[in-house]
Amino acid sequence: PRRARRRVVMVRALRCVKLGDPTRLSDGVLRVDDVPRVDVVPPEGVRVAVHAAALNFADLLQCRGLYQERPPLPFTPGGEFSGVITEVGDAVTSAFKVGDAVAGVLVGGGAMASEVVVPRASAQCFAVPSGVDLSAAAAFPVAYGTAHVALAHRARLRAGQTVLVTGAGGGVGMAAVQIAKAMGATVIAVARGEEKLDACASAGADYCLDSDALRTPPRGEERGSGGDSGGGASSSSAAFAGLRKAVTALAPATRRGVDVFFDNVGGAAFKSGVKCVAWGGQVLVIGFASGEIPTLAMNVPLVKNVTVHGVYWGSYATGDPATFQASARETTRLLREGKLRVRVSHSFALDDASEAFRALAERRAIGKVVVTCQGEGAGVGAAKL
């Protein structure tokens with residue numbers, strides 16, 4: 001007898017097919033393809049029709065082959081998403097049901113697709129609070145999770161302490177400003193340009209410093225060529241040279257230095273920021289958006305009794321799942337209560353994902369960049385084998 005053909009449902013997904021520059025279409029790094037969907041939802045999992053996936057600097061590095069985790073090619077970028085549940089596993093509790101709006105994380109990527117299957121809904125998803133836009137919800141988990149784990153669990157920030165945040169105009173930096181304020185801290189935000197400084201002030205920063213104004217130009221070079229999160233000038237010794245003087249001059253409380261330094265820029269920003277830390281302070285190493293991984297003379301933390309923390313939020317999912325989940329519950333509570341506000345700077349369709357990567361790479365984003373995964377040409381189709 002003739003065997004019946006199996007119906008294969010296809011999902012539209014962004015694929016990184018080779019390592020290189022994802023911001024240039026001519027390089028052929030990214031391609032939107034139809035890929036077979038995951039047939040079976042795990043017992044504790046859910047299937048989600050993805051509304052949006054948020055872009056992080058790690059995604060840019062991963063496509064370039066410069067990230068610490070290198071999935072085999074081809075792969076689908078994206079570690080965080082939002083959407084609507086279309087199917088639940090047999091063991092999923094009443095906390096999640098078909099039709100619920102959720103956001104969540106996918107460890108290892110895979111979010112930039114019209115549909116995803118989340119293996120463990122209770123650990124990887126949360127219900128989107130009423131009144132929170134789905135695009136904003138997609139941009140929430142990684143940035144705010146990183147900031148909260150760093151400040152609350154590593155630095156053990158207390159109300160009344162002072163926090164210095166570099167690269168504060170980006171997604172993680174702006175999340176750090178809001179988390180620190182929610183915990184009762186005084187926040188000094190460093191960002192580049194009036195528009196980013198205004199955004200930092202709106203996010204709750206008590207003091208805002210323009211990184212261009214902190215640069216000491218070499219002879220014959222004008223101010224204005226530096227930046228808070230990348231570019232050639234930000235990695236020079238002159239960039240951020242005026243940071244310590246600017247911080248200690250802000251108020252009597254900052255003359256002794258800051259209690260916590262939250263750095264996701266690296267390079268010259270890190271080197272100058274460490275000098276701003278008070279005796280017994282905490283340094284949080286979040287990332288290296290400048291492209292320069294700094295070194296630290298260990299006599300500095302020795303003499304000042306400073307603790308330096310490396311913070312890789314994604315590894316908490318397996319290394320310390322209890323802290324990972326507790327932090328997620330706390331940040332979701334703050335979002336639900338309106339104490340955190342996600343700013344989405346740019347939104348692009350799945351077919352225009354290279355433009356999303358370019359906005360991130362060129363430091364044009366003030367807050368987060370998202371890729372919308374539904375709409376014309378982004379749905380779920382079917383094929384026969």
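# Working through a predicted model

A polar contact of 2.7 Å links the side chain of histidine 346 to that of serine 345. Keep in mind that this is a predicted model. Grab the structure and let's go.

## Exercise 1: the surroundings of histidine 346

Find the strand that holds histidine 346, then list its contacts, leaving aside neighbours within four places in sequence.

Step 1. Histidine 346 belongs to strand β14, which covers residues 344-349.

Step 2. Skip the neighbours within four places, and histidine 346 turns out to touch Ala359, Arg364, Ala365, Lys368, Val369 and Val370.

Step 3. Don't forget the partner we started with: the side chain of serine 345, 2.7 Å away in a polar contact.

## Exercise 2: a hidden space

Work out how many cavities of 30 Å³ or more the whole structure has, and describe the lining of the largest cavity.

Step 1. Here's the general idea: a probe the size of a water molecule, rolled over the atoms, reveals where empty space remains.

Step 2. Searching the whole structure turns up one cavity of 30 Å³ or more. The volume of the largest cavity is about 40 Å³.

Step 3. Its lining is made of Tyr144, Gly171, Met174, Ala175, Val342, Arg343, Gly367 and Lys368.

Step 4. Sort those lining residues and you get four nonpolar, two polar and two charged.

Step 5. Helix α5 (residues 171-182) supplies the largest share of the lining, with three residues.

## Exercise 3: backbone oddities

Track down a cis peptide bond, and decide whether phenylalanine 240 is buried or exposed. Then do the accessibility check for arginine 363 as well.

Step 1. The cis bond sits between leucine 73 and proline 74, with omega at about -10 degrees. Proline 74 is found in the loop between α1 (57-64) and β4 (80-88).

Step 2. Phenylalanine 240 isn't a glycine, yet its phi is positive, at about 65 degrees. You'll find phenylalanine 240 in the loop between β10 (207-210) and α7 (243-248).

Step 3. Buried means under 20% relative accessible area. Phenylalanine 240 has 1%, so it is buried.

Step 4. Arginine 363 also isn't a glycine, and its phi is positive too, at about 60 degrees. Arginine 363 lies in the loop between α12 (353-361) and β15 (368-372). With a relative accessible area of 23%, arginine 363 is partly exposed.

## Exercise 4: charged partners

Count the salt bridges, then look at a few pairs, including arginine 120 with glutamate 44.

Step 1. In general, side chains with opposite charges can pair up when their charged atoms come close. The count here is 20 salt bridges.

Step 2. Arginine 24 and aspartate 21 are joined by a salt bridge at 4.0 Å, N to O. Arginine 24 is partly exposed at 45%, and aspartate 21 is partly exposed at 22%.

Step 3. In the bridge between arginine 120 and glutamate 44, the closest N and O atoms are 3.5 Å apart. Arginine 120 is in the loop between β6 (115-118) and α2 (121-124), while glutamate 44 is in the loop between β2 (30-36) and β3 (46-55), so the pair ties together parts 76 residues apart in sequence.

Step 4. Lysine 97 and aspartate 100 form a salt bridge too, at 3.2 Å, N to O. Aspartate 100 is buried, with a relative accessible area of 15%.

Step 5. Finish with a network: Arg37, Arg47, Glu87 and Glu115 are joined by salt bridges that share partners.

Definitions and conventions:
Residues numbered from 1 in each chain as written. Predicted model: local features only at pLDDT ≥ 70, side-chain atom pairs only at ≥ 80, totals over all residues. Heavy atoms only, no water. Helix = DSSP H or I, 4+ residues; strand = E, 2+ residues; numbered from the N terminus. Buried < 20%, exposed > 50% of the residue type's maximum accessible area, 1.4 Å probe, protein only. 1 Å grid on protein atoms, 1.4 Å probe; cavity = no way out; pocket = protein on both sides within 12 Å on 5 of 7 lines; lining within 4 Å. Points joined across faces, edges and corners; volume = space filled by probe spheres on them. Nonpolar A, V, L, I, M, F, W, Y, C, P; charged D, E, K, R; others polar. Polar contact = N/O pair within 3.5 Å; in protein donor to acceptor, adjacent residues only side chain to side chain. Contact = heavy atoms within 4.5 Å. Salt bridge = Lys/Arg side-chain N within 4 Å of Asp/Glu carboxyl O.
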